Amino acid sequence: MASDYVAQLFSVEGQVVVITGGGGVLCGAIARGLARAGAKVVLLNRTRASAERVAETIREFGGEVMVVEADVLDRPALERTAEEILARYGRVDALINGAGGNRPEATTGPENPLTDMPEEAIRDVFDLNFMGTFLPCQVYARIMAQQGKGAIINIASVNAFKPLTKIPAYSAAKGAVVNFTQWLAAHLSFEYSPNIRVNAIAPGFYLTRQNRYLLVDEKTGEFTERAKNVLVHTPMGRFGEPDELIGTVIWLLSPAASYVHGVTILVDGGFVAYGGV
Ligand SMILES: NC(=O)c1ccc[n+]([C@@H]2O[C@H](COP(=O)([O-])OP(=O)(O)OC[C@H]3O[C@@H](n4cnc5c(N)ncnc54)[C@H](O)[C@@H]3O)[C@@H](O)[C@H]2O)c1
């Protein structure tokens, strides 16, 4: 009885959820979690092979999954794949903007001081994280407006609240994602439909391929000073596991979050809460 009530309140059963960067570590875990909860997940990724690997792990337990190949910076490719998705499912209930990341060339260091950083790398990281969120929102907002409902989850980072050393473009772009999440929430409500919700999650530190080069010494396999510093500044004293994002995403897409709009939820082991002293 009680469990039926909770199951309905947090249900994402049957929802068609498009996940950009769905071939990645965090969004792969989110996709598996949503599929286990009964959603139909669409993995949109620049490289089909990594999305196919994630899809295989979903098919293994009988989950419903579709893979589409598109670059989130390529608007025509986003439009084309959206048509493919609509042709198969007839609607899109949710969009998760997970494609993102940083590059070593956009990271300061002894060989790459701020004053000499290549402009192209800074633009590239800013574009991937901000424009790579903006463009899919444009494409799917149109679909959701026609449906009169939908939900968007952007993926920010703790960087948006506490800029970390070394990664200026990534921090600034994630800050822009939080701001845009608020802007888009109000804009879609006023201009299109009050039944399209927009929120974001801000993961803390998860050991994945985008940050491994900063956190693990390639030669020794030991944590770098930066990784040790992260752990000291994370009250829970450990990195997050990708599966620990699933509950927050399910909640944000479920009826339980029907009045949650324009917020960014931290999933960071307390990193942003701690002042460091
Ligand atoms: N790993 C962390 O600790 C952490 C922390 C905070 C936020 N994040 C954010 O979470 C999201 C996922 O990160 P992750 O660690 O799983 O990274 P990941 O590198 O494992 O996954 C990113 C995925 O996006 C795809 N991708 C990259 N560029 C693309 C493009 N232009 N078009 C389409 N797909 C593209 C990649 O192929 C990859 O499958 C990113 O937005 C990242 O910035 C990660």
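**A parallel sheet, a nonpolar core and a ligand shell**

By class, the residues that surround the ligand divide into 11 nonpolar, 15 polar and three charged. The model described here is a predicted one. In total, 29 residues make up the shell around the ligand, and those that come nearest are Gly21, Gly24, Leu26, Gly100 and Thr208. Two elements, α2 (25-36) and α5, each give two or more residues to this shell. The largest share comes from α2, with three residues.

Next comes the sheet. Seven strands build an open sheet, and reading across it gives the order β3-β2-β1-β4-β5-β6-β7, with parallel pairing. Strands β3 (64-69) and β7 (264-267) stand at the edges; each has a single partner strand, so one side of each is left without a neighbour in the sheet. From one strand to the next, the twist averages 20°.

It helps to begin at the β3 edge. Here strand β2 (residues 40-45) runs parallel to β3, and six bridges join the two. Within this pairing, valine 41 has valine 65 of β3 as its bridge partner. Helix α3 (residues 48-59) lies across both β2 and β3, and its direction makes an angle of about 175° with β3.

Further along the sheet, strand β4 (residues 94-97) is joined to β5 by four bridges, and these two strands run parallel. Alanine 94 stands opposite alanine 151 of β5 in this pair. How much of strand β5 (residues 150-155) is buried? Six of its six residues are, so β5 is largely enclosed by the rest of the structure. Both of its faces are covered: one side carries Gly150, Ile152 and Asn154, the other Ala151, Ile153 and Ile155, and all of these are buried.

At the other edge, strand β6 (residues 196-203) pairs with β7 over four bridges, again in the parallel sense. Alanine 200 is found opposite threonine 264 of β7. The faces of β7 can be told apart: Thr264 and Leu266 lie on the covered face, while Ile265 and Val267 lie on the uncovered one.

The nonpolar core can now be added to the picture. The largest nonpolar core holds 77 residues, and the members that touch the most others are Val17, Ile19, Leu34, Val41 and Leu43. Helix α5 (residues 119-147) gives the most to this core, contributing nine residues. Leucine 43 makes a good example to follow in the structure. Beyond its neighbours within four places in sequence, leucine 43 is in contact with Ile19, Gly22, Gly23, Ala31, Ala51, Val54, Ala55, Val65 and Val67.

A last residue worth locating is leucine 245, which sits in the loop between α8 (225-232) and α9 (246-253). Is leucine 245 buried or exposed? It has 22 C-beta neighbours inside 10 Å, and a residue with 20 or more is classed as buried, so leucine 245 counts as buried. Although 216 residues separate leucine 245 from alanine 29 in sequence, their C-alpha atoms are 8.1 Å apart in space. With neighbours within four places in sequence left aside, the contacts of leucine 245 are Leu26, Ala29, Ile30, Ile201, Pro203 and Val267. One of these contacts, Leu26, has already appeared among the residues that come nearest the ligand, and another, Val267, on the uncovered face of β7.

How values were computed:
Residues are numbered from 1 along each chain as its sequence is written. This is a predicted model: local features need pLDDT of at least 70, side-chain atom pairs count only at pLDDT 80 or more; totals for chains, interfaces and linings use all residues. A nonpolar core is a set of buried Ala, Val, Leu, Ile, Met, Phe, Trp, Tyr and Cys residues joined through C-beta atoms within 7 Å. A residue is buried if 20 or more other C-beta atoms lie within 10 Å of its own, exposed if 12 or fewer, and partly exposed in between; C-beta atoms are placed from the backbone. Two residues are in contact if their C-beta atoms, placed from the backbone, lie within 7 Å. A residue is near a molecule or strand if its C-beta atom, placed from the backbone, lies within 6 Å of it. Ala, Val, Leu, Ile, Met, Phe, Trp, Tyr, Cys and Pro count as nonpolar, Asp, Glu, Lys and Arg as charged, and the others, Gly among them, as polar. Two strands pair if DSSP finds at least two bridges between them. Axes are lines fitted to C-alpha atoms, for helices over the stretch in contact, and angles run from 0 to 180 degrees between N-to-C directions.
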